[in-house]
Amino acid sequence: MNRFIDSPPPESIKGSNAVVTSLYTWWNFIPKNLFKQFQRFCNIFFLFIAIIQAIPAISPLDPVTGFLSLLFMLFITAVKHAYEDFQRHKSDAEVNNRSTEIIKDGEIIKVKWQDLRPGDLVRVACDNAFPADVVLIRSSNPDTSCRIETAVLDGETNLKIRYAM
């Protein structure tokens, strides 16, 4: 198999091809979410107001109400962020578990997108989705062209023509 002179062998490249768009994991949700929420000025303002309400010499109000309202707002926002991140995790799993065919040692093998490695020869059939970073080596068309839709990447729905190397 011919490789470019400067490219490392595929076995030596570390890492995963898995797509991860989620922000949180189960163990970092609370600290990351609080950090993100307190980057908003309004949450800092309400924390400041709750602290002022807790000082009896300054405020005649019950200090618990200030902190409860702040905690209620933080909780509602955290639930919203958790739900959105859960949806991202589901979407990531769906994309990562899609299968494609690679040619390895003369055999066609089905692999998940997350298991692809640099240097794999990906076999793409007509109207099938495929991972974005591929180089067209051969096409079944006589002029070695293929038409691809890149709507997921750039939003354009028109077909683009690409030619094999």
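A residue counts as buried under 20% relative accessible area, as exposed over 50%, and as partly exposed in between. The exercises below concern a predicted model.

**Exercise 1.** Classify Asp105 as buried or exposed, and state what its backbone shows.

*Solution.* Begin with the location: Asp105 lies in the loop between strand 1 (99-104) and strand 2 (107-112). Its relative accessible area is 76%, and because exposed means over 50%, Asp105 is exposed. Turning to the backbone, most residues other than glycine have a negative phi. Asp105, although not a glycine, has a positive phi of about 55 degrees.

**Exercise 2.** Apply the cut-offs to Thr144 and to Cys42, and say where each residue is placed.

*Solution.* Thr144 is found in the loop between strand 3 (121-123) and strand 4 (145-149), and with a relative accessibility of 32% it is partly exposed. Thr144 also has a positive phi of about 55 degrees without being a glycine. Cys42 belongs to helix 2 (residues 41-53), and its relative accessible area of 30% makes it partly exposed as well. The C-alpha atom of Cys42 is separated by 49 Å from that of Asp127, a residue 85 positions away along the chain.

**Exercise 3.** Work out which strands stand at the edges of the sheet, and why one side of each is left without a neighbour.

*Solution.* The open sheet consists of 3 strands in the order 2-1-3, with antiparallel pairing. Strand 2 and strand 3 are therefore the edge strands, since each has a single partner strand and so lacks a neighbour in the sheet on one side. On average, neighbouring strands of this sheet are turned by 45 degrees against each other, direction ignored. Strand 1 and strand 2 pair over 6 bridges in the antiparallel sense, and Ile102 stands opposite Ile109 in strand 2.

Methods: Residues are numbered from 1 along each chain as its sequence is written. This is a predicted model: local features need pLDDT of at least 70, side-chain atom pairs count only at pLDDT 80 or more; totals for chains, interfaces and linings use all residues. Side-chain values use heavy atoms; hydrogens and water are left out. Helices (H or I, at least four residues) and strands (E, at least two) are DSSP runs, numbered from the N terminus. Buried means under 20% relative accessible area, exposed over 50%, partly exposed in between (1.4 Å probe, protein chains only). Two strands pair if DSSP finds at least two bridges between them. Axes are lines fitted to C-alpha atoms, for helices over the stretch in contact, and angles run from 0 to 180 degrees between N-to-C directions.
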